[in-house]
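User: I'm new to this one and would like a close look at a single part of it. Could you walk me through it slowly?

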Amino acid sequence: VTWKKDDETDHTTDIANHWTLATISRSLKDSPPSFDSWDSLEQHVRRACDKLTFADEAFAPLNGHPFVHGAAERIQILHDTLNKFRGCFDDDGNRTPEGDRLYTEHFTGEKAWFSDSSATEKNDCRSKLIFPHPGQTGEYLFCPWHGKVKTPQIRVHFSWPVSASTPLYIVYVGPKITKR
């Protein structure tokens, strides 16, 4: 489709023309999800990230906070990356080359998407980084590892290390809890 504005500038865009249910279904499946609330984000992430194990109340800290579409998209990307990373192990439990790539790109370096809390945060905020274990009643997990959203400051806390033999638990999605 070509659109001519008043100033005679042409703006051209492609519009898919679907003639079968199969092509529109595939297009909808491949299109990025649209979120309009923290609840819709949570529903999508829980459904799409089948290699992650979520605490029942993992997303509860977002309740009462204004919905920010850009932050929701970033949270979804962080969960997708963790889900892919959790699936990157061979039959012997070793990380695959794809897992090594994800680790290098997203878990190391100054601009890493995921990192461990600093030694100071682990010391000063230790009690805030302990969460009920999603799989074992009465047990707790220390989860200083987190994914980062910058604006607003939101964190996704999860269990570490990630291995083939243990679930990757998502225990907290909400405002940064180690603020000083």
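User: Is the crossing of α3 and α4 left-handed or right-handed?

Analyst: Bear in mind that this is a predicted model. The crossing of α3 with α4 is left-handed. To find the pair, look for helix α3 at residues 69-86 and helix α4 at residues 97-106. Two packed helices are usually described by the angle between their axes and by how far apart those axes are. Here the angle is about 145°, and the axes lie 9 Å apart.

Now zoom in on where they touch. On the α3 side, the contact is made by T81, K84 and F85. From α4 come G99, L102, Y103 and H106. Sorted by class, that contact has three nonpolar residues, three polar ones and one charged one.

For some context, it's worth looking at the sheet too. This is an open sheet of five strands in the order β3-β9-β8-β7-β4, and its pairing is mixed. Its edge strands are β3 (52-54) and β4, each of which pairs on one side only. For β4 (residues 114-115), the partner is β7 (residues 146-149), and they run antiparallel over two bridges. You can spot one of these pairings at F114, whose bridge partner in β7 is G147.

Carry on from β7 and you come to β8 (residues 154-158), joined to β7 by four bridges, again antiparallel. V149 stands opposite I154 of β8 there. With four residues between them, β7 and β8 form a hairpin.

Methods: Residues numbered from 1 in each chain as written. Predicted model: local features only at pLDDT ≥ 70, side-chain atom pairs only at ≥ 80, totals over all residues. Heavy atoms only, no water. Axes fitted to C-alpha atoms, helices over the stretch in contact; angles between N-to-C directions. Left-handed = near helix turned anticlockwise from the far one by under 90°. Contact = heavy atoms within 4.5 Å. Nonpolar A, V, L, I, M, F, W, Y, C, P; charged D, E, K, R; others polar. Pairing = 2+ DSSP bridges.
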